Amino acid sequence: MKKIMFALGAIGMSVAAVAAVNDSLLMFSTKGPDTYRDGSTVLDGECYALCYVTDPGSFAIKSDGTAAAGGEVLLTSPVAKDGHCPNLMYVVPAEKAESLTGGSYAVYLLDTRVPDANAPSGYSVAGMSADGKTAAVVNGAGSVADVGSIGSGTSGFATYSATTAGSVAVAAVIDRPAITAIKVDGANIVLTVAGLSPAADYKVYTGAGPAGVSKKVEAEASGNTFTVSKDAGQFFKVIGTRKVAQ
């Protein structure tokens, strides 16, 4: 099975060079300036994601770039330039397209910014995940095109050029962290935590009981573990705050 592909500057290129006859094709661009939720123009290299949405009411994108519910993120492309999406062609292999039923295609603008003290705006884009399939970090997303169906074959691929500026509309879904193990290690307690997101910073809180955990304690973070003093308390909770406000 071929991977889902994308290509830039596709208007002047041979479709046959990147797609088989039965693949589904979408040519897409935005007018711009596309913006984040704070009103600032999207950075060069920002991502646009081709999604297949089966339930528009519940569709949402998680902070790891995958779909939380209501559909699937098919392909993410870090292509923004000068505040908009240039000519971009998404190629969905025929076998994948045939498996998608009961919904429609849509393109979403993502907010993948991470704090960067050396950047003029205070942020840089996170780039792609290690496997190259999704954005490394997603803070928010917004639909910039409800494409519907995409024609099959090189003789009639779908084209869509957004006539209005796109924007990030909603915050990405961040899973609630959960403490899965507590281990006493000498004078310390080591908390193992699941559900951590690269889009959030985390702090450890303690309290007198399960319902009263509200006091922040010093903790040393390493991967998915947090180490606190054994004197810090008996009940703990790990709480995250978004690195980029939405």
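A residue is called buried here when its relative accessible area is under 20% and exposed when that area is over 50%. This cut-off is needed at several stops of the tour, which runs through a predicted model.

**The whole chain**

Begin with the entire protein chain in a cartoon representation. The chain contains one helix and 20 strands. Of its 246 residues, 41% are buried. Switch to a surface view: the accessible surface of the protein chain comes to about 12,100 Å², and carbon and sulfur atoms contribute 50% of this area. Among contacts in the protein chain with a separation of 6 or more, 71% are between residues 24 or more positions apart.

**Strand 2 and its two partners**

Select residues 24–30, which form strand 2. How many of its seven residues are buried? The count is seven of seven. Display the side chains next. Ser24, Leu26, Phe28 and Thr30 point one way, whereas Leu25, Met27 and Ser29 point the other way, and every one of these residues is buried. In a regular strand, side chains alternate between the two faces of the sheet.

Add residues 88–92, strand 7, which pairs with strand 2 in the antiparallel sense over five bridges. To locate one of these pairings, pick leucine 25, whose bridge partner in strand 7 is valine 91. Then add residues 158–162, strand 12; five bridges join this strand to strand 2, and the two run parallel. Here threonine 30 of the pair stands opposite alanine 162 in strand 12. Both arrangements occur in sheets, where strands pair through backbone hydrogen bonds, either parallel or antiparallel.

**The loop after strand 2**

Move on to proline 33, in the loop between strand 2 and strand 3 (47–53). Select glycine 32 together with proline 33 and inspect the bond between them: the peptide is cis, with omega at about -5 degrees.

**Two cysteines**

Select cysteine 51 and cysteine 85. Cysteine 51 counts as buried because its relative accessibility is 0%. Cysteine 85 is likewise buried, at 0% relative accessibility. The structure holds zero disulfides.

**Aspartate 82**

Now centre the view on aspartate 82, in the loop between strand 6 (71–78) and strand 7. Is this residue buried or exposed? Aspartate 82 has a relative accessible area of 61%, so it is exposed. Check its backbone torsions as well: phi is positive, at about 55 degrees, although the residue is not a glycine.

**The four-stranded sheet**

Select strands 14, 15, 19 and 18, which form an open antiparallel sheet in that order. Which strands stand at the edges? They are strand 14 (178–185) and strand 18 (220–222); each has a single partner strand, so one side of each is left without a neighbour in the sheet. Looking across this sheet, neighbouring strands are turned by 25 degrees against each other on average, direction ignored.

Within the sheet, isolate strand 15 (residues 188–194) and strand 19 (residues 225–229), an antiparallel pair joined by five bridges. Valine 190 provides a landmark, with threonine 227 as its bridge partner in strand 19.

**Serine 197**

Follow the chain out of strand 15 to serine 197, which lies in the loop between strand 15 and strand 16. Its relative accessibility of 10% is why serine 197 counts as buried. Show its surroundings: leaving aside neighbours within four places in sequence, serine 197 is in contact with Ser63, Ile174 and Tyr202. With serine 63 there is a side-chain to side-chain polar contact of 2.7 Å. The side chain of serine 197 also reaches the backbone nitrogen of alanine 199, at 3.0 Å.

**The three-stranded sheet**

Finish with strands 17, 16 and 20, which form an open antiparallel sheet in this order. Strand 17 (213–217) and strand 20 (235–242) are the edge strands, and each pairs on one side only. The twist in this sheet averages 45 degrees from one strand to the next.

Restrict the view to strand 16 (residues 200–207) and strand 20, which pair in the antiparallel sense over eight bridges. As a last selection, choose aspartate 201 and threonine 241: the aspartate stands opposite this threonine of strand 20.

Notes. Residues are numbered from 1 along each chain as its sequence is written. This is a predicted model: local features need pLDDT of at least 70, side-chain atom pairs count only at pLDDT 80 or more; totals for chains, interfaces and linings use all residues. Side-chain values use heavy atoms; hydrogens and water are left out. Two strands pair if DSSP finds at least two bridges between them. Axes are lines fitted to C-alpha atoms, for helices over the stretch in contact, and angles run from 0 to 180 degrees between N-to-C directions. Buried means under 20% relative accessible area, exposed over 50%, partly exposed in between (1.4 Å probe, protein chains only). Contact means heavy atoms within 4.5 Å. Accessible areas come from the Shrake-Rupley method with a 1.4 Å probe; for residues, only the protein chains shown count as cover. A disulfide is a pair of cysteine sulfur atoms within 2.5 Å. A polar contact is a pair of N or O atoms within 3.5 Å; within protein, one must be able to donate a hydrogen and the other to accept it, and residues adjacent in sequence count only if both atoms are side-chain atoms.
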